[in-house]
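Subject: Handover of a structural model

Dear colleague,

Please find below the structure that I am passing on to you. My account of what was found in it follows directly after.

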Amino acid sequence: MNPPPSPQPYLDPEGAPPAASSREATRRPTTEDDALVQRMAAGDERALGALYDRWVDVVHAVVARVLRTADDVDDVVEETFWQAWRQAERFDPARGSVQTWLLTIARSRSLDRIRTLRRRREEPLEGDDGYVIEQVAPSDPGLDVEASERRRIVTTALAALPPEQREALELGYYGGLSQSEIAERTGQPLGTVKTRMRLAMQKLRSQLGVLGIEGGG
Amino acid sequence: MSEGMGHEAAREALEALALDALDASEREAVLAHVAGCDECRRELAALERTAAQLALAASPVPMPSARRDRVRARLVARAGADRDVDGAAVAADAADAVGETLPGVVPPLRVEPSVPERVPEVVPIGSRARTRPRLAGTAWLAIAASIIAVIGFGGYLRASADRDLLRDALRTAATERASQLATNDSLRAAIGDRDRMIANLTGPDVHVMTLASTTQTPMGRMFWDQQHDAWTLVAHHVPMPKAGRTYQLWLVTPTAKISAGTFMPTQSGEVMMRATYALPSDSLAAVAVTDEPGGGSLQPTTAPLMVAAK
């Protein structure tokens, strides 16, 4: 049984406690992305178009990692930006960057779609041909310098993980598999999968924290 | 703290929860604990930020431009309709509303009738100068024919699908606007303008032509509302011409190439241009865009940047 979609951590639900990462509010200057989201919240669809132009390739990369057919990918890319449009008023810059917010939506909507497809078609779990995060980041002419640098850091941190821990992380994140499903697929005991996933996340968090990427500590 | 799951057990499951990798029953139990535990809530928030960074590791895969443009058009049209429904920005300048559905688009060159007035140096529409063309008509038609073969029927279907989506979105927007702004006299003229634009783009007699590029990058669509003699060119990825140069739109018949005015793209390469010209439906052979000296030319002096056969 698949878990329901996870909540969105970058929104500011009513009654929510102050952002745990309040230090980011002072660390992060207002960015071009923040300004675009503010304009979206005011109903300016041109800002949505501009945000789309800035981030569509990155969003597409995430969605295309999870889904296989062009129609599904296009639908989810559209729904990602549509959700951003609808929730722009609730976006809280103190909780993270626009980029992270968009990618979180993209991943969540992608997993929703693939889980729906699996239920509808009763598809077996994906084969072994997917979910291999590349270890060397190519140059990204479409991204700004900061985004490219963040990507390089993340891929480097992932590459430093033991293969079995990275596999557990990837199958969970990009495959949308639960720990039980990962155990079934890999033939490993459930307890082993849990340990690997936990260790992988702890190491990744530590690496990113040391390098100043949000999510650390 | 929750009675169901202990703190340590919940704490050990937070990494998987952040990855959305718990089975449903375990997920509910952990969430129940987190709801009452400040420490776990803070920890989960940090882990979720870490998990979100994993998305960055996906290798960039540029979206094919046709799909990218199609999704963009749908999104912006939906947002425009949504904005009007929600009334979030009713005060937006409705006269520019259609242009605003394509971000960064320059204002229409001609808002009935303006091509001769705003660019008087261009051959006015209807003035069919017979100076010797630099490019033979047969060459234009050959280019158009070769490109239309490349475009294929799929291009037409995409254009039709875009038009249908645009029609639905704009119809919704027009309906909502009509009900919300019926008493606002100052916006009536603007609404009329948009209604005309909707009709020009989506009416039953509108013929849609996709302009393919001879240099691969730019693309565009011409909406020819034959009932109202209205021409609307929407183009993307159009490079800025060199200093002192401009783009010029041509309506090509078997006997003439008729200037429909000059235009410049925005910095982001977007173009929306409108013109009005009565042309018998059976006399159009192609539409084309050329790079011309500033102010335009009497006849095209360069090979077309974009062209579409009827």
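Two strands are said to pair if DSSP finds at least two bridges between them. With that in mind, please note that this is a predicted model, and that β4(B) and β5(B) form a hairpin in it, with four residues between them.

**The strands of chain B**

Strand β4 of chain B covers residues 245–252, and its pairing with β5(B) is antiparallel, over five bridges. One residue pair can serve as a landmark: B:Val252 has B:Lys257 in β5(B) as its bridge partner. Strand β5 of chain B, residues 257–263, is mostly covered, since seven of its seven residues are buried.

A second antiparallel pairing in chain B links strand β3 (residues 230–236) to β6(B) through six bridges. Here B:Trp231 has B:Ala275 of β6(B) as its bridge partner. Why is strand β6 of chain B described as largely enclosed by the rest of the structure? The reason is that five of its six residues, in the stretch 271–276, are buried.

**Chain B as a whole**

Chain B contains eight helices and eight strands. Of its 310 residues, 45% are buried. Among the contacts in chain B with a separation of 6 or more, 69% are between residues 24 or more positions apart.

Helix α1(B) may be a useful place to begin your inspection. Its 12 residues reach 16 Å from the first C-alpha to the last, close to the 16 Å expected at 1.5 Å a residue. The buried residues of α1(B) are B:Ala10 and B:Ala13, followed by B:Leu14, B:Glu15, B:Ala16, B:Leu17 and B:Ala18. Just after α1(B), B:Asp20 adopts a positive phi of about 60 degrees.

**The contact between chains A and B**

How many residues does each chain give to the contact? Chain A provides 65 residues and chain B provides 48. On the side of chain B that touches chain A, the elements giving two or more residues are α1 (7–18), α2 (24–35), α3 (38–53) and α4 (65–86) of chain B. The largest share of that side, 11 residues, comes from α4(B). By class, the residues on this side of chain B comprise 27 nonpolar, six polar and 15 charged.

**A helix pair in chain A**

In chain A, the axes of helix α2 (residues 32–41) and helix α3 (residues 45–66) come within 7 Å and cross at roughly 145 degrees. The crossing of α2(A) and α3(A) is left-handed. From α2(A), the residues making the contact are A:Asp33, A:Leu36, A:Arg39 and A:Met40, and from α3(A) they are A:Ala47, A:Leu48, A:Ala50 and A:Leu51. The contact of α2(A) with α3(A) has six nonpolar residues, two charged residues and no polar ones.

A:Ala47, which lies in helix α3 of chain A, merits a separate remark. Is A:Ala47 buried or exposed? A residue counts as buried if 20 or more other C-beta atoms lie within 10 Å of its own; A:Ala47 has 21 within that distance and is therefore buried. Leaving aside its neighbours within four places in sequence, A:Ala47 is in contact with A:Leu36, A:Arg39 and A:Met40. The C-alpha atoms of A:Ala47 and A:Trp85 are separated by 9.4 Å, with the two residues 38 apart along the chain.

With kind regards

How values were computed. Residues are numbered from 1 along each chain as its sequence is written. Chains are lettered from A and ligands numbered from 1 in the order in which they are written. This is a predicted model: local features need pLDDT of at least 70, side-chain atom pairs count only at pLDDT 80 or more; totals for chains, interfaces and linings use all residues. Two residues are in contact if their C-beta atoms, placed from the backbone, lie within 7 Å. Ala, Val, Leu, Ile, Met, Phe, Trp, Tyr, Cys and Pro count as nonpolar, Asp, Glu, Lys and Arg as charged, and the others, Gly among them, as polar. A residue is buried if 20 or more other C-beta atoms lie within 10 Å of its own, exposed if 12 or fewer, and partly exposed in between; C-beta atoms are placed from the backbone. The expected span of a helix is 1.5 Å times one less than its number of residues. Axes are lines fitted to C-alpha atoms, for helices over the stretch in contact, and angles run from 0 to 180 degrees between N-to-C directions. A crossing is left-handed if the near helix is turned anticlockwise from the far one by less than a right angle, and right-handed if clockwise.
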